[in-house]
Amino acid sequence: LRYSVPEDREPGSSVGDLAKDLGVDVRSLTTRNLRLVSESGQQHFQVDLAAGVLLLDRRLDREALCGQSPTCSLHLQLVMENPLQLHRVEVDVLDVNDNAPQFPKPEVVLEITEVANPGTRLPLEVAEDPDMGSNSISTYELSPSKHFALSISVRGDGVKMPEIVLEKALDREKVAVHHLTLTALDGGNPSKSGTARVTIHILDANDNPPVCDPPVSTVHLEENVPVGTLVTKLNVTDLDEGPNGDVEYSFKISNNAPGKFTKLFSLDPQTGELRTKAPLDYEESNAYEIAVRARDKGSPAMEGHCHLRVELIDINDNSPEVVLTSLSSPVQEDATLGTVIALIGVKDSDSGDNGQVRLQIAKDLPFKLVSSFKEHFSLVTSGPLDREKASGYNITVRAVDSGSPPRVTQKTFYLRIADVNDNAPNFSSPFDAAHIQENALPGASVFSVSASDPDEGSNAKLSYSILDSGIQDVPISTYFRIDQDNGTIYTVRALDYEQDKVFQVPVEVKDDGSPALSSTTVVHVFVLDENDNAPTIVYPTVPKGSAFHQTIPALAEPGYLVTKVVAVDADSGHNAWLSYQLQETTEALPFQVERRSGEIRVAQALREMEDSHRLVVEVRDNGTPSLSASVVIIISPEENSMQDFAKSLDLPKSSPKDTNLTLYLIVSLVSISLVSCVMFALMAARCL
């Protein structure tokens, strides 16, 4: 945006309608935090957010701000947020004719020999007018005179130089002193003026002044020349002889440049050689106007004036400067392409190609530079961001000018990437297996599941829970609970292997993001059998406290099968391995029991049995500690000893009840085997 304002405008005056020129709603300026930044560091303006108007904060003085510069612009930056935008504002300060011309001295005293030829020129000091353009000095006027007239020449920088020209020969004897008035007029409307009294003394003798050839010259010089470099040698001639022709050189100091060049250049008073005596800087000043006075040694002395313009040639001696105007850090990892990350300005004090700067960043970064306007760039996203891969970026901005050789400046800043909840928690395995003894006390630790979440902060804060699924008939939460913080699974009640051998516990982990993300796993809890069931004798069946009576032939041979004890154990594995044995008695018994089958047979030849024998058969499992059951069997001789000898080869004929019991055992074993096979097949399929 570009506006202009006269320098005499009162504070509070409107400079421009920002809201209209920016095309934004006035009501949004406050919410978007519109603020004004002056590039010069001085605040000359303010923004009326209610009206959206740029106002003048203080009275401007163009001469104080820009001096003798032909143009005077103040550079501002408007920063708006949501989204972040930067606009450049240039305000041209227009000159007002508020200064009158003024001569360095109110009175000027000149001397001229009476033998001076018509056309002789007497240089006058230039009047000063801080105003510029048409308001600066426009012309000079000299009060009427028979002998003198006013001549105005234009210097190389456009400054008008007044000179008094002798038009008619002088006669000191008639008029020794001439009094004139010099008036300087500016071009303002209305015009302003300043005057100086000019007193001209007429002298005798030395009638040829030194003459500079050429009177105005220009020299080009590189800004980095060594101190002592010869700039030029003035060519001055004086037609007089002797002391009247010996010329001495000196700087002519004017108020336009009060002695500034004398710190940078030296002038040999005898030879007129002009040399450098300090380093020259194009960026400080690109040209110097030097006035040299050439004065002879006559009486009275005469002088001539040489005007020399030294123009410096810029070299690439200044590195670019990178200015980070604004940085939005951290930035969300889900930021869209083209999101503005930073506003970057660049400066180079050199001119021409030496001041042309280009910015670069590494190509492997998900960012790019976009030119906003002259010497200002925006850093925007050019690719997706992922905090889990890179939590931040060290961005190095490289500024390279177009000089030869080019100069390079680097500026590095860190951009942090803010996390968003874009990753669900993850278990190390979709299935886990755990084992627990069947009679563990409620609250016993079963297993600890563990999940990880690559996000951070609340997005990575995990909580665990058990899902009540329809896999079990009874809700799984009646058997197990889980610590929501560390994922440890505990029992709610004691487990019974004989009732449930395996549980499928579905566990869900959920993060604390918004929206929350979750994942599940299944923990297969296998109940380990304990020896908590004593063997049960299913044959022979006798009431508790009673005995089973069995008869055999009185002359049964060794190996004769008396009967068979059948027992079962609700436990499994080695806890269900049963062994049969006879309790020891004080007398030796002619019977023995098979350890594994429980068959009771005659161990030795029986003499004719007359008395009954009492056997206590003990059935013991293989658990730790071992549990047992026993049955009392009373064996008596048969009254009729002629029994079927086949009885010695097998059990007595089984009753229908015994047959049914055996069938039930077989069906149970087959069912358990099938269920186990199905369970293992299901687990294998899920794992695959």
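**View 1. The whole chain holds four helices and 49 strands.** Helices (H or I, at least four residues) and strands (E, at least two) are DSSP runs, numbered from the N terminus. The radius of gyration is 59 Å, well over the 26 Å that the globule rule gives for 688 residues, so the chain is more spread out than a compact globule. That radius is taken over C-alpha atoms, and the rule is 2.2 Å times the number of residues to the power 0.38. Along the principal axes, the C-alpha atoms fill a box of roughly 195 × 55 × 35 Å. This is a predicted model: local features need pLDDT of at least 70, side-chain atom pairs count only at pLDDT 80 or more, and totals for chains, interfaces and linings use all residues. Residues are numbered from 1 along each chain as its sequence is written, and side-chain values use heavy atoms, with hydrogens and water left out.

**View 2. The chain exposes about 36,500 Å² of surface.** Carbon and sulfur atoms supply 50% of that area (Shrake-Rupley method, 1.4 Å probe). Of the 688 residues, 42% count as buried, meaning under 20% relative accessible area. Charged side chains number 58 positive and 99 negative. Lys and Arg count as positive, Asp and Glu as negative; His and the chain ends are not counted. The centres of the two sets lie 3 Å apart.

**View 3. Y479 and F503 form a tilted aromatic pair.** The ring centres lie 4.7 Å apart, with 45 degrees between the planes. Rings of Phe, Tyr and Trp (its six-membered ring) pair if their centres lie within 6.5 Å; planes under 30 degrees apart count as stacked, over 60 as edge-to-face and the rest as tilted. Y479 lies in the loop between β36 (462-466) and β37 (480-482) and F503 in strand β39 (residues 502-511), so the pair ties together parts that are 24 residues apart in sequence. Both rings belong to buried residues: Y479 has a relative accessible area of 7%, and F503 one of 2%. F480 joins Y479 and F503 in one aromatic cluster. The structure holds eight aromatic pairs.

**View 4. H524 sits in strand β40 (residues 518-528).** H524 is buried, at 5% relative accessible area. Leaving aside neighbours within four places in sequence, H524 is in contact with F431, D432, A433, A434, F503, Q504 and M683. Contact means heavy atoms within 4.5 Å. F503, one of these partners, is also part of the aromatic pair with Y479.

How values were computed. Buried means under 20% relative accessible area, exposed over 50%, partly exposed in between (1.4 Å probe, protein chains only). The place of a charge is taken as NZ of Lys, CZ of Arg, CG of Asp or CD of Glu.
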